[in-house]
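Student: I have a model open and want to go through its metal sites. Can we take them one at a time?

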Amino acid sequence: MLIKSFLHRRRYKKLVRRGCLLLSLTAFSGTTFCAEPPEPQTMAKRLHNVIKVVRSPTNRAVRTTPRQNALPSLRKRAGDSLDIQMRSSVGTPIQIKANILERATTRNFRSKKARDEETARQFLRRNRALIGLKNPDQELELVRQWIDELGRSHLRFSQRYHGLPVWPAELTVHLNPDGDVHLMNGTFVRTPPKPLLLTPFVTAAEAINLALAKKIPNSHNGMASLPQLIVYAPGKTSPRLAWKFDVDVSMNTSWVTVIDAITGELLTQYNQMMGAAATGSGQDKLGEKRPLNLWEENGTYTMVDTSKSMFDSSVPLSISANHIEAKGAIIVYDNQNVSDSGSRGVFAESVSVTSTDPNAGFVADAVGAAYLLSQVYDYYLERQARNSIDGQGGNLVGIVRVGQNLKNAYWNDTFQAMVFGDGRPFANALDVVAHEMTHGITSKTANLIYLDQPGALNEAFSDIFGEMVEAYATGQSDWLVGTNLGKITRNMKDPSSLRIKDTPWAPHYPNKMSEYLTKKDIDPLGVGNNDNGGVHLNSSIINHAYYLLAEGLEGAIGLKEAEKIFYRTLTMHLTQNSQFIDARFAAINSAEELFGVGSTQAIKTAEAFDAVEIINIPRTPPPHIAFFCGRYGAGFHLVWLCESRFWCNGVMSS
Ligand SMILES: [Ca+2]
Ligand SMILES: [Ca+2]
Ligand SMILES: [Zn+2]
């Protein structure tokens with residue numbers, strides 16, 4: 001069969017075993033394979049269609065494009081190690097990887113930073129046809145550049161279109177310690193083939209009114225931020241001009257809102273605040289004794305921990321009844337059972353926690369909070385060499401007794417504060433508190449948007465590091481989220497042992513991609529809450545991959561190496577709109593950077609993602625085969641069909 005001439009026999013068999021059927025193929029001259037994240041609903045539709053052959057609108061006579069030429073010339077420069085993975089939905093690379101993609105520029109620069117940027121930009125310019133950007137210098141703005149502990153440089157670029165931000169679209173160029181580009185990855189879109197209309201018909205003020213008129217709960221109390229004109233490009237619809245702003249309803253509710261600037265249509269809206277999974281059936285606070293680090297002045301002891309290495313003693317420390325000034329301290333305030341937005345303003349009632357006896361008299365909630373913040377700080381410093389949540393030794397603040405009997409705890413990024421209600425025994429729930437604080441790290445690194453797959457990744461990294469902090473502090477992880485809160489909300493070792501709701505007909509949490517929950521699975525009638533597309537539900541697939549890597553697989557690599565790989569994945573590789581497939585590549589790349597290409601750790605990382613069906617499909621074809629991927633171009637698309645919702649929607653074209 002023709003198919004076997006280009007598919008590795010073994011991989012073909014594997015795909016067939018996994019339930020994929022290749023229904024129909026006609027003769028074709030060349031082929032390539034594209035990876036894209038699973039789209040369960042699309043897959044379901046495809047099943048009904050039996051087979052779908054799409055004729056591209058462009059002229060078939062045009063056979064060679066700059067894009068097709070780009071691959072052979074890159075292959076010539078990069079050699080056989082070249083590996084390109086494409087996102088077929090938008091026709092841009094998920095990643096381009098080789099031993100060396102672009103050598104460090106030999107031109108002279110004042111600093112390593114400037115030289116690295118020029119090398120990265122040279123790579124982007126030279127491969128612009130492959131990357132899908134007409135003018136990378138104009139269309140990519142460098143937003144962050146850092147050198148990691150392995151001496152590798154990472155440059156994060158944000159996409160622009162005629163000066164407007166394209167959102168959420170980013171890519172990262174990675175340089176080895178010699179300054180050569182060896183990897184590029186990202187979630188971005190091609191330069192729109194036809195110019196976009198850049199004059200809004202809908203004004204910013206009209207956009208806000210439209211948003212407030214829609215169904216945001218309590219939006220009449222809402223405060224909208226200044227709308228920003230953007231090109232909205234989530235990768236599922238074609239890019240369009242839009243207004244983006246937040247509608248803040250309360251301290252823990254802030255709706256990211258995008259309104260079409262031409263039609264006024266609501267394009268997306270989701271609550272970006274990450275509430276704690278604060279479910280449970282009540283449990284008394286344990287009277288556990290915790291050591292405290294305090295600040296003493298004139299016989300009064302205040303709950304300010306200056307014992308961490310982040311503390312900067314050159315900045316004067318000052319303490320008043322309701323404010324503490326310090327740099328690099330852990331500070332706990334007591335909000336005295338007033339709500340977060342009391343009549344006198346946000347946290348206006350919070351006071352410092354004091355006692356005249358260093359061994360007695362402190363508010364119990366504050367003692368617990370000080371212990372938790374200290375453990376989270378120590379974990380990230382010791383295990384991940386991260387100095388505080390912001391990575392810069394910024395204060396960690398805890399605010400306890402917020403509201404009356406509030407059954408919630410959440411991280412407030414603006415205040416760099418962990419906020420605790422007193423309705424649950426959070427003081428003992430390290431996994432939940434570390435989960436919340438990890439959202440603070442995510443927002444400063446990958447900054448994953450809180451919707452669908454990127455949102456599920458955001459949640460998964462919080463669950464994972466919640467467990468890792470628990471393991472660090474207590475000596476073991478139980479792989480259960482919500483330990484000590486009275487009710488387990490997620491199980492990383494065996495996700496599907498739990499149902500997503502307390503009804504006997506509710507679906508189970510997914511273990512793998514074939515069990516991925518669509519919005520319809522979550523909210524069949526479409527009237528309720530679909531959890532932003534299942535961010536707390538589909539996260540289980542990533543959670544489970546992590547568990548397998550750390551402990552579950554035969555030859556699993558253990559917690560300490562697994563957590564290093566996933567921390568690197570989150571902080572160095574993922575971008576705002578990363579999908580599960582991006583996480584697979586990012587984790588493998590991280591393992592290779594830490595432990596070497598072909599290392600056991602890298603192999604096991606791939607196996608862990610295989611096991612949850614976030615699978616790779618064949619690599620870039622050899623250079624004599626014409627290169628094509630995506631919606632724009634010549635030829636036929638043939639779609640693989642699957643018996644179930646397995647992830648295998650690779651697209652082939654001639
Ligand atoms: Ca806001
Ligand atoms: Ca736990
Ligand atoms: Zn969360």
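Student: Is Glu459 buried or exposed?
Tutor: This is a predicted model. Buried means under 20% relative accessible area. The relative accessible area of Glu459 is 0%, so Glu459 is buried.

Student: Which residues coordinate the zinc ion (ligand 3)?
Tutor: Glu459 gives two OE donors. Two NE2 atoms complete the list, and the range is 2.1 to 2.7 Å. In sequence the spacing is H-x3-H-x19-E. The residues are His435, His439 and Glu459.

Student: Which helices hold His439 and Glu459?
Tutor: His439 lies within residues 430-444, and Glu459 within residues 452-474. The pair therefore ties together parts that are 20 residues apart in sequence. The helices are H10 for His439 and H11 for Glu459.

Student: Is His439 buried or exposed?
Tutor: The cut-off for buried is under 20%. His439 has 4% relative accessibility, so His439 counts as buried.

Student: What is the geometry of the site of the zinc ion (ligand 3)?
Tutor: Four donors count as tetrahedral if all angles lie between 85 and 135 degrees. Here the angles among the four donor atoms run from 52 to 126°. The site is irregular.

Student: Which residue gives the calcium ion (ligand 2) a donor labelled O?
Tutor: Asp431 and Asp478 use OD, Glu467 and Glu470 use OE, and Thr483 uses OG1. The distances are 2.3 to 2.8 Å. The donor labelled O comes from Leu480.

Student: What is the relative accessibility of Leu480?
Tutor: Asp478, another calcium donor, counts as partly exposed at 28%. Leu480 also counts as partly exposed. Its value is 23%.

Terms used: Residues are numbered from 1 along each chain as its sequence is written. Chains are lettered from A and ligands numbered from 1 in the order in which they are written. This is a predicted model: local features need pLDDT of at least 70, side-chain atom pairs count only at pLDDT 80 or more; totals for chains, interfaces and linings use all residues. Side-chain values use heavy atoms; hydrogens and water are left out. Donors are N, O and S atoms within 2.8 Å of the metal (3.2 Å for Na, K and Ca); water is not among the atoms, so sites may look incomplete. Four donors count as tetrahedral if all angles lie between 85 and 135 degrees; four count as square planar and six as octahedral if opposite donors are over 155 degrees apart and all others between 65 and 115; anything else is irregular. Helices (H or I, at least four residues) and strands (E, at least two) are DSSP runs, numbered from the N terminus. Buried means under 20% relative accessible area, exposed over 50%, partly exposed in between (1.4 Å probe, protein chains only).
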